[in-house]
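Visitor: Could you walk me through how the labels on this model are earned?
Guide: Sure, have a look first.

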Amino acid sequence: MEQSIDILRLPVNEEEHVYPPWYMKYTKSHILHSKCSVTGQENQGCPEDINQCQFCSYSRALEMPHMPDMVFPNNILYLKHKNGAKIEFTALDALKREIFTKKIKPFDWTFTTDYMGTYTGFEIIETEERIIWKKIKKKEKILFYVDLTLFEDELHDNGIASLSVKMSDAWVFFYFATYFLRIDNVMIRLNDTRLYHEMGKPYMIREYTSREAKFEDIEVIFSYSLFFVKIRKQNY
């Protein structure tokens, strides 16, 4: 006899740390349910006058023809400064951003997004200052590390599209959010956001790059069990 798993009862893993003046936390859990948890139907959701389930909240907030195969609504990375400024990375905000940037265009089946996080209480200004990579590579004890997938889709078996975010913290903290797209035998696209902060400084540096190339312009370099991709032509 087959047994089903109640996805709503699966645990949510979480971890939090306080490194004054910063508070850091992440939560991590199961994928979004594929139908309404109240009615048990995909096309008949919760009544709007009650507390909505996650599936209905996402469906009504996004109004997309369909969502990615796997959406992780509880995978959230959260950072807050003692003065109230905060940064969050969430699947819902990322997909809302994808819709906002393409609201005058047809539905994008690759779910391409330039989502860099959700910022509250920050002043964002242009700067010539860049991330100092040798400081990031410096060997220090890692106090906090997390790797979260926000969403992923197999593009009807034609490749993969995914958005993930990583964070590591030592005497500097570093966020790395990546949207990755591969359409088999057609193209590869990478949208990267890097967020860097040295403890004690009153600002952080955010860098964003967007790159893509056709398959015929990509050279794959093999080295033992690893492989590296070299893109000869890039669009920024």
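Guide: One open sheet has 6 strands in the order β3-β7-β8-β9-β10-β11, paired antiparallel. This is a predicted model, where local features need pLDDT of at least 70 and side-chain atom pairs 80 or more, while totals for chains, interfaces and linings use all residues. Residues are numbered from 1 along each chain as its sequence is written, and side-chain values use heavy atoms, without hydrogens and water.

Visitor: Why do β3 and β11 stand at the edges?
Guide: β3 (70-71) and β11 (205-214) each have a single partner strand, so one side of each lacks a neighbour in the sheet. A strand here is a DSSP run of E, at least two residues, and a helix a run of H or I, at least four, both numbered from the N terminus.

Visitor: How do you know that β9 and β10 pair?
Guide: Pairing takes at least two bridges found by DSSP. β9 (residues 172-183) and β10 (residues 187-198) have 12, in the antiparallel sense, so they pair by that definition. One example is Val 172, whose bridge partner in β10 is Glu 198.

Visitor: What makes β1 and β2 a pair?
Guide: 7 bridges join β1 to β2 (residues 22-28), running antiparallel, and His 17 stands opposite Met 24 in β2. Both strands belong to an open antiparallel sheet ordered β1-β2-β4-β5-β6.

Visitor: Why is Met 64 called buried?
Guide: Buried means under 20% relative accessible area (1.4 Å probe, protein chains only), exposed over 50%, partly exposed in between. Met 64 has 14% relative accessibility, so it counts as buried. Met 64 sits in the loop between α1 (54-62) and β3.
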